[in-house]
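Hi,

Here is the structure I said I'd pass along. Have a look at it first, and my notes on the charged side chains follow below.

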Amino acid sequence: MGRIRVKEDALWQIKHKEMTANALKRSFCENREYGISKDKYSATMNDNYWAAAMAVRDRVVERWIGTQQQYHKKNVKRVYYLSMEFLIGRLLGNFIYNLGVENELREALEELGFDIEEIREQELDAGLGNGGLGRLAACFLDSMATLGIPAHGYGIHFDYGIFHQKIKDGYQIELPDEWLQFGSPWEFARPEYAVKVQFYGASQMYVDSSGRTSFRWVDTQDVLAVPYDFPIPGYKNDVVNTLRLWAARSTAEFDFDYFKHGDYEQAVNQKISSEVISKVLYPSDDISRGRELRLKQEYFLTAAAIADILRRFKSENADIRTLPEKAVIQLNDTHPSLASVELMRVLLDDYALDWDTVWDVTRRTFAYTNHTLMPEALERWSVELMKRLLPRHLQIIYEINARFLRDVEERYPGDVERFRRMSIIDDGYPKKVRMAHLSIVVSFSVNGVSKLHTELLKTKVFKDFEEFYPGKINNKTNGVTQRRWLLKANPGLSGLISETIGTKWITDLEAIEKLLLFVKKRPFCAQWAQVKNNNKLLLAEYIKKTTGITVDEHSLFDVQVKRIHEYKRQLLFALFIIAYYLEIKRGGVKTVQPRTFIISGKAAPSYYMAKLSIKLINSIADVVNRDKTVRDMMKVVFLENYRVSLAEKIFPASDLSEQISTAGTEASGTGNMKFMLNGALTIGTIDGATIEIAELVGNENIFIFGKTSREIENLRQQGYRPRDHIDTSPLLHEVLTLISKDYFCPHQPGLFLPLIDLITTIDPFFICAYFDSYIATQERVSSLYAQPLEWTKKAIINVARAGHFSSDRSITEYATDIWNVRTQHPSGVPG
């Protein structure tokens, strides 16, 4: 029997390792029939998507099992990446490229009468993120797998992701994002690894049998965290890592006592209240119940992850004190920062280790990435809320803080103001826990995500900590995976690049620099321009289909796509659009170039000013697009429901990338890198990673304008007066007057006055101070676009210089400088 079983296993492996079109076609038919019980007559297009996905999944799973077995056998050091967001988008396309079966699957589906693009369009985006933070996490997972780093992602299995945005009468409407409406072929439930997570209750002190004062967490309300695993394949290297997402489930599905007495709602109340934890990403935090739910989500993620990490560690190791030699936990911003306190609680209370040992293990295990300079984004939790929800954790945080402040006292005796600034507990009213401070104190590494961002962390935001822990704060500039954002998203351009310089760039983006040899070759430039025009035509067709607006693919596609926020300054872009409209109306544009202005992004549901900005943009679009006198010169398009799959259509078609945040506000940005990688030129401020883009491409190949972060800080300290700039800029005055006189809202008088009042009185993000410089720089853009060959040459240079912005480079730096793990090139040779 044993020999027969071995032969069966061997035959199974041979069957599923085949990557030919015939093998994939056979898998498709078998999965459709036996996996989802459909035939070619009854199957819907979604069923056919599932059959194709399962055919690909079979081949991924085999490598997944093999990878995890190798990690276990070799007892490797693992990287655990904790993030509230993983904006993974659609996975089928990414998986077939990473497996190397794109052509084979296309052929198989064509033989069955299907178009691969139509099949791929059936997949719903997994929108488990709000923007750059979650997309960065997804790029990092791809790079870790491609580089052969033993890694696990941990997040939450939200039933509903970031909301589905509709635009109705110009207003943003939020609808549920039902990404699991038809299930997901990529997820695998692992109920055998469910973890009990505790909330509320009390921390009870007692003396154990050895006479040691100990604590236990009692009278808690418990929730089950059930894991769902997603495979993350590397690029053609047979490595498949794991993203584990946790779903909240009740410990008691049904209370029969309530049911038998007729209280049917109460019978399932515990189930409902438990499962709301993983119901939706980012509940509104402007009400107390929303804040409590959000803190519950953060602890739910960290408690489940820590339990899982320790379970895996114990299966391969005996001494918990060696945990830092086998695990490093990277915190993606402050959302999962309670993980360090949870680890301490478990080691102190469950393992009965002494404080010094637990502190040593914790301090050598955690690393923290900061992603923001905005004060409101540095999380602070009410002490009262934490005392009620996580009483034992608050005790531990207070003890960490007391010991930390004693160390500060020794270094800076009597410096009360410094103690107040550095304390983990903000003693104002109400008292709050500063999660960024906690993360800095407990982590062995703290990193920023661009050169400027890191410098501002050291000299401004965390200046006291940089002085106290010299060298702890370091820079790791963000990156994006070229395999999704160029190879997959832009097959026309990636094909041209591979035909010209080979395919090494797919796993070593620095190799794309070879394109510089072709900048002056006119035939190559012509091919490049044709690819761009084809991509613009595809986006124009999408715009026509979804909005009814006809745009000219030969016009300059001027694009700003990102989360809608005041500091990202969609409002500055809107003012420029109005100025451009006015200049065309009176024939004053020095170099008239037809433009299509494309905007997309979501505003937080409770963010009034951001949502009003969306309404303004759509109102401008209504006026401009109806005006027959300018219709050949400009169009304005707001594309609703910005998401990964939409971004994959926009980036390849873009000519101009708008990166216009106020200097000193954008930590890094990754959209700027995706635009660059797809051949768009950047108009940008001296902020975030745009500074590093300018350094690499040269000022002659980018449009930089505006003030430095230091100049902005000086303006702020001197007492910034937006009126001074308005009074000296006739065009700005005219634009603001047009808005204030309801030109764009004749049937809703005063609608946009809150925006005008904000700009003209406070102007917190210095729109008025930048306006004239921005307008002058846009005139340079128009002048260059009038020279198509010169524009194309600069686009090629931008792509050729994009090698630094690969997430592979970012992850290699994390692995070498922070995690102390070895990377492995796709060839299998350790790096």
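**Salt bridges and their surroundings**

Asp-415 is partly exposed, with a relative accessible area of 26%. Before I go on: this is a predicted model, so please read everything here in that light.

The partner of Asp-415 is Arg-418, and their side chains form a salt bridge with an N to O distance of 3.1 Å. Arg-418 itself is buried, at 10% relative accessible area. So this bridge joins a partly exposed acid to a buried base.

Then there's Arg-421, which has a salt bridge to Asp-464 at 2.6 Å, N to O. What does that pair tie together? Arg-421 sits in helix α17 (residues 416-422) and Asp-464 in helix α20 (residues 463-468), so the bridge links parts that are 43 residues apart in sequence. Here the arginine is the partly exposed partner, with a relative accessible area of 32%, while Asp-464 counts as buried at 11%.

Another one to pull up in your viewer is Arg-90 with Asp-125, a salt bridge between side chains at 3.2 Å, N to O. This time we're in loops: Arg-90 lies in the one between β2 (86-89) and α4 (92-99), and Asp-125 in the one between α6 (116-120) and β3 (126-128), so the pair ties together parts 35 residues apart in sequence. Are these two buried or exposed? Arg-90 is buried, with 14% relative accessible area, and Asp-125 is buried too, at 10%.

If you'd rather look at something with several partners, try the network of salt bridges that links Arg-190, Asp-229, Arg-244, Asp-308, Arg-311 and Arg-312. For the overall tally, a search of the whole structure turns up 57 salt bridges, and the ones in this email are among them.

One more residue for you: Glu-102, which is in helix α5 (residues 102-111). Glu-102 is buried, with a relative accessible area of 11%. Which side chain does the side chain of Glu-102 make a polar contact with? That would be Arg-106, at 2.3 Å. Setting aside neighbours within four places in sequence, Glu-102 is also in contact with Ile-96, Tyr-97 and Ile-116.

That's what I have for now. Shout if anything is unclear.

Cheers

Terms used. Residues are numbered from 1 along each chain as its sequence is written. This is a predicted model: local features need pLDDT of at least 70, side-chain atom pairs count only at pLDDT 80 or more; totals for chains, interfaces and linings use all residues. Side-chain values use heavy atoms; hydrogens and water are left out. A salt bridge is a side-chain nitrogen of Lys or Arg within 4 Å of a carboxyl oxygen of Asp or Glu. Helices (H or I, at least four residues) and strands (E, at least two) are DSSP runs, numbered from the N terminus. Buried means under 20% relative accessible area, exposed over 50%, partly exposed in between (1.4 Å probe, protein chains only). A polar contact is a pair of N or O atoms within 3.5 Å; within protein, one must be able to donate a hydrogen and the other to accept it, and residues adjacent in sequence count only if both atoms are side-chain atoms. Contact means heavy atoms within 4.5 Å.
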